[in-house]
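Q: I am new to this structure and would love a friendly, close look at one part of it. Here is what I have in front of me.

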Amino acid sequence: MMDLKNIILSDVSVEAKVSALAIVLNKEFPKLEAKVNTVQKLKGEQGEQGEQGEQGDRGPQGDAGKIGKDGKDGDKGKDGKDGVDGVSVTDAKVDFDDSLVFTLSNGKMINVGEVKGEKGERGAAGASGGGASAGFYNADGGFYDSIYGGTTALDAGGP
């Protein structure tokens, strides 16, 4: 049999290569077909798939595996550099010009600007309050109110 690789790599035209391959295949195909038929006869034709059988009993549990050894601890890492101390607000006040000023723990002051809004509209007048229609101070500076019949002392803080 002529080697197929030699046919393909030869310096002949494509038509000549196709012709040579056809001749080789014509000679070899019947041999190949005979081998396939022989294998099928030995193996037998495959039949249809049968019904699924019943599930078998559960097998015994296998032995537990060995416990592995613990690995070594890794080396301790180097200490990092100390960080910068934090800064906190120690005081906050509204300054003379209505601006909010923060004093920080590092001594710096931050003026964040004006925080007081414009003056609002005047509110409605409140209801008039009630009070004693008559009263007098006692000698100790306490105030006696006539609403209580003159008998209950209300200490108004003196005159």
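How many helices and strands does the secondary structure of the protein chain come to? After that, please take me slowly through the open sheet of 3 strands.

A: Happy to! This is a predicted model, in which local features need pLDDT of at least 70 and side-chain atom pairs count only at pLDDT 80 or more, while totals for chains, interfaces and linings use all residues. Residues are numbered from 1 along each chain as its sequence is written, and side-chain values use heavy atoms, leaving out hydrogens and water.

The protein chain has 2 helices and 6 strands. Both names refer to DSSP runs numbered from the N terminus: helices are H or I over at least four residues, strands are E over at least two. Read from the N terminus, the order of elements is α-α-β-β-β-β-β-β.

Now to your sheet. Its 3 strands lie in the order β1-β2-β3, with antiparallel pairing, and the sheet is open. The edges are taken by β1 (89-94) and β3 (109-114), each of which has a single partner strand, so one side of each is left without a neighbour in the sheet. On average, neighbouring strands are turned by 15° against each other, direction ignored; for such angles, axes are lines fitted to C-alpha atoms (for helices over the stretch in contact), and the angles run from 0 to 180 degrees between N-to-C directions. As a general point, strands of a sheet pair through backbone hydrogen bonds, either parallel or antiparallel.

Let us follow the strands one after another. β1 pairs with β2 (residues 99-104) in the antiparallel sense over 5 bridges; two strands count as paired if DSSP finds at least two bridges between them. Among the partners, A92 is matched with F102 in β2, and V94 with L100. L100 also stands opposite G113 in β3, and 5 bridges join β2 to β3, again running antiparallel.

The turns deserve a look too. β1 and β2 form a hairpin with 4 residues between them. In the loop between these two strands lies D98, whose phi is near 65°, a positive value in a residue other than glycine. D98 is partly exposed, with a relative accessible area of 24%; buried means under 20%, exposed over 50%, and partly exposed in between, with a 1.4 Å probe and protein chains only. The hairpin of β2 and β3 also has 4 residues between its strands, and G107 in its turn has a positive phi of about 95°.

How well covered is β1? Hardly at all: the count of buried residues among its 6 residues is 0. One residue of β1 is T90. Leaving aside residues up to four places away in sequence, T90 touches T103, L104 and S105, where a contact means heavy atoms within 4.5 Å. T90 and N106 are 16 residues apart along the chain, and their C-alpha atoms are separated by 9.2 Å.

On the surface, V94, I110, V112 and V115 form a nonpolar patch with about 320 Å² of accessible area together. A patch is made of residues with over 30% relative accessible area and no salt bridge, joining like charges within 9 Å and nonpolar side chains (Val, Leu, Ile, Met, Phe, Trp, Tyr) within 5 Å. I110 has its place in strand β3 and counts as partly exposed at 39% relative accessibility.

Finally, some context for the chain as a whole. Of its 159 residues, 6% are buried. The accessible surface comes to about 15500 Å², with 51% belonging to carbon and sulfur atoms; these areas come from the Shrake-Rupley method with a 1.4 Å probe, and for residues only the protein chains shown count as cover. Of the contacts between residues at least 6 apart in sequence, 1% join residues at least 24 apart. The structure holds 1 salt bridge, meaning a side-chain nitrogen of Lys or Arg within 4 Å of a carboxyl oxygen of Asp or Glu. E28 and K31 form it, with the closest N and O atoms 3.6 Å apart. They are 3 residues apart in helix α2 (residues 14-43), and so are separated by about one helical turn.
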